[in-house]
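The exercises below are meant to be worked through with the coordinates open beside the text. Each one sets a task, and a stepwise solution follows.

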Amino acid sequence: MSILEGQGVTKYFGGLAAVSNVDFHVDQGEIVGLIGPNGAGKTTLFGLISAAVVPNSGTIRFKGENITSLKPHQICKKGLARTFQSVKVFSDMSVLNNVTLGAHFGRLQRVSEARATDEAARLLEFVGLSGRATIPAKDLTLVNQKLLEVARALATKPEVLLLDEIMAGLNSTEITQAMELVSKIRAQGITIFMIEHVMKAIMSVCDRIMVLDHGKKIAEGTPQEVATSKTVVEVYLGE
Amino acid sequence: MLVTILDVGIAGLLMGGLYALIAMGLSLQYGVARVLNIGHGEFIMLGALATWTLHTVYGINPLLSLAVCAPAGFILGYILHRTLYKRLMATSASPGIFEGNSMLASFGLLFIIQNLAYLIWGTRYKAYSYLAVPVNLGGALFPANSLVTLGFALLIGVVFYIFLVRTRIGKAIRAAAQDASTAGLMGVNINRVLALCFGLGVAMAACAGMLISMNYSVFPSMGMEYTVIAIIVVVLGGLGSIPGSFIGGILLGVIGSIVTYFDAGLALVAYYVIFILLLLLKPTGLMGK
Amino acid sequence: MNWRSLALKSFLLPGVVLLIVLIIMAALPSFGSKYSIIFLSTIFMYIVLTTGWVMFSGPTRQISLATAVFFGIGIYVAAILGMHLPLVVMVLVSGLISSVMALMVGGLTLRLKGVYFTIFTFGLLELIKNLINWYEVTFTGTRGRFVVVVNNNTIYLYMLAITGLTLLTAFLIRRSKYGLALQSIGEQEEAAAHIGINVTVMKVSIFAISAFFMWAAGAVMATRWTYIDPFMAFNMNYSFTPVLMAIFGGVGQLGGVVIGAIIFAYLEQILITQYPYYYMLLFGLVMVISMLFLPNGLAGMVQKWRARTVGGGNVHS
């Protein structure tokens with residue numbers, strides 16, 4: 001049984017099918033990549049999983065349980081967290097408090113003030129933001145805000161983490177560091193499902209890759225299989 | 001039976017025409033400039049009191065005083081937008097925050113204008129009589145000034161509609177109402193269009209004020225009642241849709257007339273119930289996006 | 001860094017100060033003039049209304065104009081029940097009723113976004129006012145009702161207690177994880193939901209809590225007027241004024257809110273009888289000026305000035 005799976009997931013916006021009859025699965029401990037041209041429906045699929053959006057049809061299961069009709073906060077408490085493509089940190093709050101909130105309201109119950117703060121400090125260390133704990137989140141660079149989102153999501157103690165284009169806008173060095181972070185997270189036992197455009201990162205860090213185009217899944221397999229698939233290459237013409 | 005229906009129906013149309021006019025002005029301000037002008041009623045009041053002053057002190061025909069009040073209202077609104085609201089746009093972090101801030105600023109304006117009016121005109125209700133002759137329509141009697149009011153409201157509504165659809169500026173306004181930033185990219189001078197819309201909204205309020213002064217007594221605190229009705233009509237017709245405000249105004253007027261026929265005290269209650277239900281069930285209103 | 005001692009310091013100091021102030025104020029009736037007691041009661045009322053308003057609208061950034069609704073219902077319940085019950089019971093009962101009502105209103109409307117929510121709360125005020133008015137005219141034949149008169153000192157002490165309670169609650173919530181959660185809802189509601197915060201429950205709860213205090217204030221202050229009618233009780237000024245006071249004082253800091261309330265309550269008291277129109281004019285001017293030049297109110301101004309002179313201030317209140 002996969003830790004996260006979906007069957008026939010469909011979402012229409014007006015007359016347009018943003019996600020059309022998609023089946024997917026992510027197994028425990030895997031790092032699965034989700035790629036596809038712009039507008040393929042990748043972020044929408046994440047939105048459907050995290051319940052930011054309600055699907056028109058299809059089911060999504062997490063740890064065997066049907067989560068299709070749950071609300072986002074309930075899904076978080078079950079152990080699924082995500083980051084956002086357009087960074088949504090709590091700007092006027094300190095970096096530390098952004099993460100502390102995650103610790104308070106995530107999967108752990110009745111966390112004391114002290115324990116939440118300690119946990120937050122530990123996570124800031126983990127992503128490399130310790131030195132910036134007290135500054136307001138809006139004063140961070142974009143890269144660091146993305147790291148903050150990751151730390152905040154990790155504070156909710158997820159079993160599965162959805163990462164939405166965390167490498168967008170990063171330079172080479174930063175991309176390598178991000179890849180290391182992703183590996184470190186998996187090493188903690190957390191399963192990762194990540195949307196990415198940066199090909200070299202996806203190819204090297206993922207166990208399996210899923211390809212979406214115009215809302216439909218057009219390919220799935222190991223990085224090598226996907227890279228050499230004619231369908232995928234055609235869709236990415238020029239990339 | 002028929003006479004009653006005619007009576008109620010025409011009374012509703014008369015009320016509705018006025019409501020439509022008031023709402024169109026507000027709809028223009030909110031739909032395009034995104035300013036929920038809580039002080040809208042105060043501009044109506046200014047138009048009404050100015051007309052009263054011109055008529056009783058200088059003996060000027062109310063319909064003629066429109067030639068003074070409407071442009072004055074337009075200029076006032078234009079300047080207000082270019083100074084107050086434009087700055088708010090610059091200092092607001094997001095459109096949502098701007099809507100909140102501009103609404104609060106409009107509150108401030110409400111108090112400023114209303115109390116200036118108190119200081120200038122005093123608290124006593126004022127009225128004048130003009131065209132109070134009764135007119136017979138199918139057996140029911142209506143005062144001529146009410147009919148003139150309806151006529152004017154319809155006229156202004158139609159002229160404005162043509163303006164929106166046929167002229168270049170009108171098209172610019174409609175573009176800005178749809179998507180201000182894109183319109184800006186397409187060469188529309190967005191700041192001027194927004195200020196223009198706000199100014200037009202105030203001008204319409206001044207017209208409405210003039211018409212109201214012909215039919216009812218006027219006093220500095222009369223504005224709020226109309227602001228609330230304007231908001232209800234704008235929501236009923238659909239926030240952002242000017243034709244919607246027109247239809248919504250007529251509709252609300254007719255409903256009000258029907259309710260008044262059964263129990264006069266319930267009219268306002270009915271309006272608010274409709275309002276609340278709309279917000280809960282269909283906030284986009286009849287024709288909103 | 002020892003986060004714990006820092007937290008302790010920020011709790012103890014304001015707490016002790018508040019306690020001292022409360023004790024002094026409680027002793028006032030024995031040596032203060034009647035006028036000043038009444039005056040202070042009104043100031044307390046505005047502090048409660050303003051703090052109540054900020055409790056919800058501050059962090060969530062949804063401007064509520066329902067303050068007058070809850071205040072007014074408090075007044076009316078006091079008028080209706082006041083004949084039969086002692087003050088304490090009546091205050092508690094009205095508070096509970098208001099919270100229940102706030103829960104209903106909150107649950108229904110908190111999915112309305114931005115401006116829609118604000119005009120809904122405003123429409124609610126008008127609806128209730130006109131509904132009660134119509135009811136009174138149609139069924140009871142009279143408009144308004146008489147209220148049992150209560151001793152001024154009693155009113156003062158009750159208001160003092162309610163004010164203290166309101167401030168304490170606001171302070172504790174702000175410093176707790178719930179205050180942080182509310183702030184996050186206001187900043188990025190979707191992200192807040194995704195880290196496990198039940199947004200609806202939080203918003204409705206804080207709305208109900210704030211309504212309780214507004215109601216309580218209404219119930220006590222009702223006894224100040226000997227006669228009330230719907231238009232007095234549901235006066236929209238009780239919705240607008242707290243907003244102005246809070247914005248002028250600075251929504252981000254509780255101290256700013258209180259100072260804003262005190263300043264305007266004081267201005268109102270000295271101007272309202274002789275120069276009511278000048279007072280309201282000033283009100284409007286301050287509102288406009290605050291929106292234009294003081295987005296964070298007086299408190300924000302003070303903070304900025306302190307940050308510039310001391311070099312590095314606090315991140316949040």
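**Exercise 1. Chain contacts**

How far apart are the nearest C-alpha atoms of chain A and chain B, two chains that do not touch?

Solution. Keep in mind throughout that this is a predicted model. The nearest C-alpha atoms of chain A and chain B are 12 Å apart, and the two chains do not touch. Two pairs of chains are in contact, and of these it is chains B and C that share the most contacts. As for the confidence of the model, the scores are ipTM 0.91 and pTM 0.86.

**Exercise 2. The side of chain C that touches chain A**

Determine which elements supply the side of chain C that touches chain A, and of what kind its residues are.

Solution. Begin with the counts: 20 residues of chain C are in contact with 27 residues of chain A. Next, assign the chain C residues to elements, where α1 (3-27), α7 and α8 of chain C each supply at least two. The largest share comes from α7(C), which gives six residues. Finally, sort this side of chain C by residue type, which yields nine nonpolar, seven polar and four charged residues.

**Exercise 3. A covered helix in chain A**

Establish whether the residues of helix α3 (residues 95-105) of chain A are buried or exposed, and identify what covers them.

Solution. A residue counts as buried if 20 or more other C-beta atoms lie within 10 Å of its own. By this criterion 11 of the 11 residues of α3(A) are buried, so that the helix is mostly covered. The buried residues include Asn97(A), Asn98(A), Thr100(A) and His104(A), as well as Val95(A), Leu96(A) and Phe105(A). The cover includes α4 (113-127) and α5 (142-155) of chain A, together with α7 (177-187) of chain C.

**Exercise 4. The sheet of chain A**

Work out the strand order of the open sheet in chain A, and explain why β2 (16-26) and β5 (65-66) of chain A each have one side without a neighbour in the sheet.

Solution. Four strands of chain A form the open sheet in the order β2-β1-β4-β5, and their pairing is antiparallel. Because β2(A) and β5(A) stand at the edges with a single partner strand each, one side of each is left without a neighbour in the sheet. Strand β1 (residues 4-13) of chain A pairs with β2(A) over seven bridges in the antiparallel sense, and Gly6(A) stands opposite Phe24(A) in β2(A). Helix α1 (residues 42-49) of chain A packs on the sheet, where it touches β1, β2 and β4 (57-62) of chain A, and its direction makes about 65 degrees with that of β2(A).

**Exercise 5. The fold of chain B**

Describe the composition of chain B, and explain why its radius of gyration agrees with that of a compact globule.

Solution. Chain B has 11 helices and two strands, which follow one another along the sequence as α-α-α-α-β-β-α-α-α-α-α-α-α. A compact globule of 289 residues would have a radius of gyration near 19 Å, and because chain B has 19 Å, the two agree. The C-alpha trace of chain B spans about 55 × 45 × 35 Å along its principal axes, and 53% of its residues count as buried. Of the contacts in chain B with a separation of 6 or more, 78% join residues 24 or more positions apart.

**Exercise 6. Confidence in chain C**

Which elements of chain C have the lowest and the highest mean pLDDT?

Solution. Chain C averages a pLDDT of 81, with 86% of the residues scoring at least 70. Among its elements, strand β1 (residues 145-146) of chain C has the lowest mean, 68, and helix α8 (residues 189-194) of chain C the highest, 92. Over residues 312-317 of chain C the pLDDT is below 50, and this stretch has 13 contacts in the model beyond near neighbours in sequence.

How values were computed:
Residues are numbered from 1 along each chain as its sequence is written. Chains are lettered from A and ligands numbered from 1 in the order in which they are written. This is a predicted model: local features need pLDDT of at least 70, side-chain atom pairs count only at pLDDT 80 or more; totals for chains, interfaces and linings use all residues. The radius of gyration is taken over C-alpha atoms; the globule rule is 2.2 Å times the number of residues to the power 0.38. A residue is buried if 20 or more other C-beta atoms lie within 10 Å of its own, exposed if 12 or fewer, and partly exposed in between; C-beta atoms are placed from the backbone. Two residues are in contact if their C-beta atoms, placed from the backbone, lie within 7 Å. pLDDT is the predictor's confidence in each residue, from 0 to 100. Two strands pair if DSSP finds at least two bridges between them. Axes are lines fitted to C-alpha atoms, for helices over the stretch in contact, and angles run from 0 to 180 degrees between N-to-C directions. Ala, Val, Leu, Ile, Met, Phe, Trp, Tyr, Cys and Pro count as nonpolar, Asp, Glu, Lys and Arg as charged, and the others, Gly among them, as polar.
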